[in-house]
Amino acid sequence: MPVRTTGCDSTTTAADPYPSPEMPILLLRRLALAPLFLLVACSPKPVDETHHGTLANGDSQHPRDHSWYDEYTFEAKGGWRIEIELSSEDFDPFLELRRDGVDDAEWLQQNDDISREDRGSRITVTAPADDTYRVWANSLNFGESGAYTLRITAGPPSSSEQAP
Ligand SMILES: [Ca+2]
């Protein structure tokens, strides 16, 4: 028969074939707290990055039209405002934003031209969930290459944007 123990008065001896029921409870408490620490450690920081890159023969190829693209990933929390801008003097930029491992009809959002006058690409979107996001810095047409500038910002929306 196991020795029933309660609270701080419990005593067990080496001869006891059953461990104190407190031991698993303490272990469970520690395990329950572990994900909390991991969450704090893994909480993403606001993103503010500028990348100067080059599209060239040998880069990844878009499955739609085999145009070249470079991929950049970042972490964002649900509700954050994400802004991405791609510009180039050498080719007609095209942008896609994807979520890691989520179909989202293949991409969350895409953009070709900012305006009729500006062939650069810009995406502005509210992050739908805590996730890893993938940016494809892409050219509109197959075979286009050259230097580009990619800017990625993501962070909590300002208070004015949160207002209805
Ligand atoms: Ca474009």
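Which residues does valine 135 touch, not counting residues up to four places away in sequence? Select valine 135 and you'll find Glu71, Tyr72, Ile84, Leu97 and Ile152. Contact here has a plain cut-off: two residues are in contact if their C-beta atoms, placed from the backbone, lie within 7 Å.

Before going on, a word on what you have loaded. This is a predicted model, where local features need pLDDT of at least 70, side-chain atom pairs count only at pLDDT 80 or more, and totals for chains, interfaces and linings use all residues. Residues are numbered from 1 along each chain as its sequence is written.

**Colour by confidence**

pLDDT is the predictor's confidence in each residue, from 0 to 100. The chain's mean is 83, and 71% of its residues reach 70 or more. Now select residues 1–15: here the pLDDT is below 50, and this stretch has 11 contacts in the model beyond near neighbours in sequence. Where pLDDT is low, the predicted coordinates should not be read in detail.

**Switch to cartoon**

You should count 2 helices and 9 strands. Both kinds of element are DSSP runs, numbered from the N terminus: helices are H or I with at least four residues, strands are E with at least two. Walking from the N terminus, the order is α-β-β-β-β-β-β-β-β-β-α. Of the contacts with a separation of 6 or more, 72% join residues 24 or more positions apart.

Next, pick out the open sheet: 5 strands, ordered β2-β3-β8-β5-β6, with antiparallel pairing. At its edges sit β2 (60–61) and β6 (109–111), each pairing on one side only. Two strands count as paired if DSSP finds at least two bridges between them. β2 and β3 pair in the antiparallel sense over 2 bridges; show glutamine 61 and you'll see tryptophan 68 of β3 standing opposite.

**Into the core**

Go back to valine 135 and widen the selection to the largest nonpolar core, which has 21 residues. Those with the most contacts inside this core are Ile82, Ile84, Val135 and Ala137. Two or more residues each come from β3 (68–76), β4 (81–87), β5 (93–99), β8 (131–139) and β9 (146–155). Such a core is a set of buried Ala, Val, Leu, Ile, Met, Phe, Trp, Tyr and Cys residues joined through C-beta atoms within 7 Å. A residue is buried if 20 or more other C-beta atoms lie within 10 Å of its own, exposed if 12 or fewer, and partly exposed in between, with C-beta atoms placed from the backbone. Buried residues make up 18% of the 164 in the chain.

**Three stops outside the core**

Select glutamate 75, in strand β3. Glutamate 75 counts as partly exposed because it has 17 C-beta neighbours inside 10 Å. Leaving aside neighbours within four places in sequence, its contacts are Pro44 and Thr132. Measure to aspartate 131: C-alpha to C-alpha you'll get 5.9 Å, across 56 residues of sequence.

Then jump to histidine 66, in the loop between β2 and β3. Histidine 66 is not a glycine, yet has a positive phi of about 65 degrees. With 9 other C-beta atoms within 10 Å, histidine 66 is exposed.

Last, asparagine 141, in the loop between β8 and β9. Buried or exposed? Asparagine 141 counts as exposed, since it has 11 C-beta neighbours inside 10 Å. Beyond four places in sequence, asparagine 141 is in contact with Ser67 and Asp92. Its C-alpha lies 8.7 Å from that of tryptophan 68, 73 residues apart along the chain.
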